[in-house]
Amino acid sequence: MTLTRRDAVVLLGAGAALVPAGLAAQPADAPPPPAPGPVAFDHGVVIDRARKLASAPFEARTAELPKALAEMSFDAYRDIRFRREKAFFGKSPSGFRMELFHLGFLYKDPVTVNLVREGVPAPIPYDASLFDFGQTKLSQRLSIDTGFAGLRLLYPLNRPTVMDELGVFLGASYFRVLGAGQHYGISARGLALSTGEPEPEEFPTFREFWVEEPRPDATALVVHALLDSPSITGAYRMVLTPGDETTVDVGSTLFPRTDVKKLGVAPLTSMYFYGENDRRHYRGYRPEVHDSDGLLVKTGSGQAIWRPLMNPERLQKTGFGDGNLRGFGLLQRDRLFEHYQDLEVRYDLRPSYMIEPNGDWGPGRAELLELPTDNETADNIVAYWVPDAPATAGSTLRYSYRIRALKLAERVSPQARAIHTFVAEARASGDPSPGPDHVRRFIVDFSGGDLDYWLDDPTKVVTETGASLGKINAAFVMPNREIGGFRLFLDHEIPEPGASAEIRGVLKAGGKTLTETWVFQWTRPA
């Protein structure tokens with residue numbers, strides 16, 4: 001039998017004359033040995049938790065909530081507010097503050113939130129006095145281990161005297177961050193599993209957080225998260241640095257419980273209802289309604305690909321393969337208020353999120369999923385990276401990357417950019433007869449980069465175009481001095497009803513590529 005120090009104390013206290021090997025006898029009046037101090041917290045603790053969790057069966061966590069919380073409406077849930085005077089880090093000169101979300105409405109999975117002070121983690125106990133419940137009345141007291149739904153981070157982004165929302169972690173593995181002058185729109189996620197596949201999608205959950213107390217001079221906040229799902233677990237370390245362009249540096253270590261059929265790394269979720277290239281759902285007074293208007297992919301070869309978003313009639317999935325991805329993101333390029341005319345939700349101020357890998361992620365593809373929607377409340381756009389390497393049970397996968405929350409698209413695309421995409425019938429202006437169903441005209445405006453240099457000799461600017469199906473009947477370029485760039489006209493034909501084609505175009509001069517590559521997918525009516 002192997003005896004511990006505790007065994008020895010118990011036995012000797014009972015009068016047994018037994019001292020385990022390695023323990024010297026001590027005088028009766030000798031002080032007891034000091035208790036071991038707490039183990040300093042670092043990210044390795046979360047990695048070990050994730051590794052051990054992956055070796056055990058998955059256990060779903062759902063809180064048993066009072067009826068008033070479990071069946072409450074969105075408006076009632078929104079009425080529950082964290083008392084701002086009780087915000088964590090409230091006295092820190094760093095400017096960072098943290099608030100918590102209460103369980104209720106759709107958020108019934110309890111989350112543990114730990115504070116890490118001087119390297120020592122401690123869970124925050126549930127306390128109803130942290131919240132103002134508004135009109136909601138609770139008929140029973142909740143225990144201190146009830147947990148929370150998520151957390152909100154605050155920082156004086158726009159003015160030194162006002163605490164603005166910097167980020168929110170709420171629901172599954174979703175999180176949002178803002179830069180100065182931005183309004184919430186697009187979301188990031190920890191991981192996407194089987195997205196857009198025939199089998200049901202799996203939504204991993206951040207089940208526990210560790211938030212490091214910021215130093216007085218801190219310019220960033222560190223959040224650790226433990227991810228869990230039936231197929232995979234993971235440890236995440238996220239460093240949030242606020243500013244005009246807020247960044248999140250993400251390091252993830254993943255442990256598949258089972259073989260994962262499709263892994264979506266660094267997923268982004270957004271909404272596209274209608275816009276300049278898709279008017280089917282246009283109604284009311286707002287010309288455009290979307291959180292993002294395009295996908296930007298930066299390949300290992302240095303090519304930049306711009307794919308305008310659409311609200312398709314059926315699920316549409318597009319892949320962009322590359323051996324050494326430099327980045328991808330869902331952007332909101334159109335920043336003109338008059339193109340949205342919405343004073344409440346301010347689509348013109350929604351952030352763009354750009355993912356920039358840290359290191360080589362290996363072979364794989366950036367994938368864009370577009371789902372049909374008949375309203376603006378549904379997130380119908382998803383983008384993520386799918387590695388070619390399999391995610392097999394028992395393996396360890398690591399991905400690190402930066403998320404940039406920005407407003408100015410030129411910060412991530414120095415080449416000339418496709419700023420407008422219009423889709424029209426292939427007929428002369430003013431011709432009252434309808435254009436043929438098997439042909440579409442695409443008008444693309446390119447601006448920025450070196451294009452204004454070529455306006456004095458526009459004949460030097462030419463286009464290279466291509467299509468995966470059908471044929472391009474005509475393609476030409478003309479200067480557009482209103483935007484300091486050029487306009488591409490392209491007519492494309494698809495012979496087969498119901499068939500889809502991917503078309504592309506890029507502007508060049510003297511053998512030099514001037515613009516990113518514009519890519520679009522259209523389907524001929526059946």
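Trainee: Let's start inside the protein. How many nonpolar, polar and charged residues does the lining of the largest cavity have, by class?

Mentor: Good place to begin, and keep in mind that this is a predicted model. The lining has five nonpolar, five polar and five charged residues. Of the 15 lining residues, E276, N277, D293, I419 and T421 are the closest to the cavity's centre.

Trainee: What makes E276 and D293 charged in this scheme, and what class does I419 fall into?

Mentor: Asp and Glu count as charged, so D293 and E276 belong there, whereas Ile puts I419 among the nonpolar residues.

Trainee: Why is this space called a cavity?

Mentor: The term applies because a 1.4 Å probe fits there but cannot get out. The space amounts to about 110 Å³. With a threshold of 30 Å³ or more, the count comes to one cavity.

Trainee: Which strands each supply at least two residues of that lining?

Mentor: They are β19 (304–308) and β26 (417–425). The largest share, four residues, comes from β26.

Trainee: On to charges, then. Why is the pair R257 and D228 called a salt bridge?

Mentor: The closest N and O atoms of R257 and D228 are 2.7 Å apart. The cut-off is within 4 Å for an Arg nitrogen and an Asp carboxyl oxygen, so the pair qualifies. By this rule the model has 31 salt bridges.

Trainee: What does the pair of R257 and D228 tie together?

Mentor: R257 sits in the loop between β14 (246–256) and β15 (263–270), while D228 is in strand β12 (residues 221–228), so the bridge links parts that are 29 residues apart in sequence. Both R257 and D228 are buried.

Trainee: R346 and D348 also meet in a salt bridge, at 2.8 Å from N to O. Why is D348 called buried?

Mentor: D348 has a relative accessible area of 4%. Buried means under 20%, so D348 fits the term. R346, at 21% relative accessibility, counts as partly exposed.

Trainee: How do you know that R365 is partly exposed?

Mentor: Its relative accessible area is 29%. That value is neither under 20% nor over 50%, so R365 falls in between. E367 is buried, with 4%.

Trainee: What joins E367 and R365, and which residues share their network?

Mentor: Their side chains meet in a salt bridge of 2.9 Å, N to O. Salt bridges with shared partners join E197, K262, K317, R365 and E367 into one network.

Definitions and conventions
Residues numbered from 1 in each chain as written. Predicted model: local features only at pLDDT ≥ 70, side-chain atom pairs only at ≥ 80, totals over all residues. Heavy atoms only, no water. 1 Å grid on protein atoms, 1.4 Å probe; cavity = no way out; pocket = protein on both sides within 12 Å on 5 of 7 lines; lining within 4 Å. Points joined across faces, edges and corners; volume = space filled by probe spheres on them. Buried < 20%, exposed > 50% of the residue type's maximum accessible area, 1.4 Å probe, protein only.
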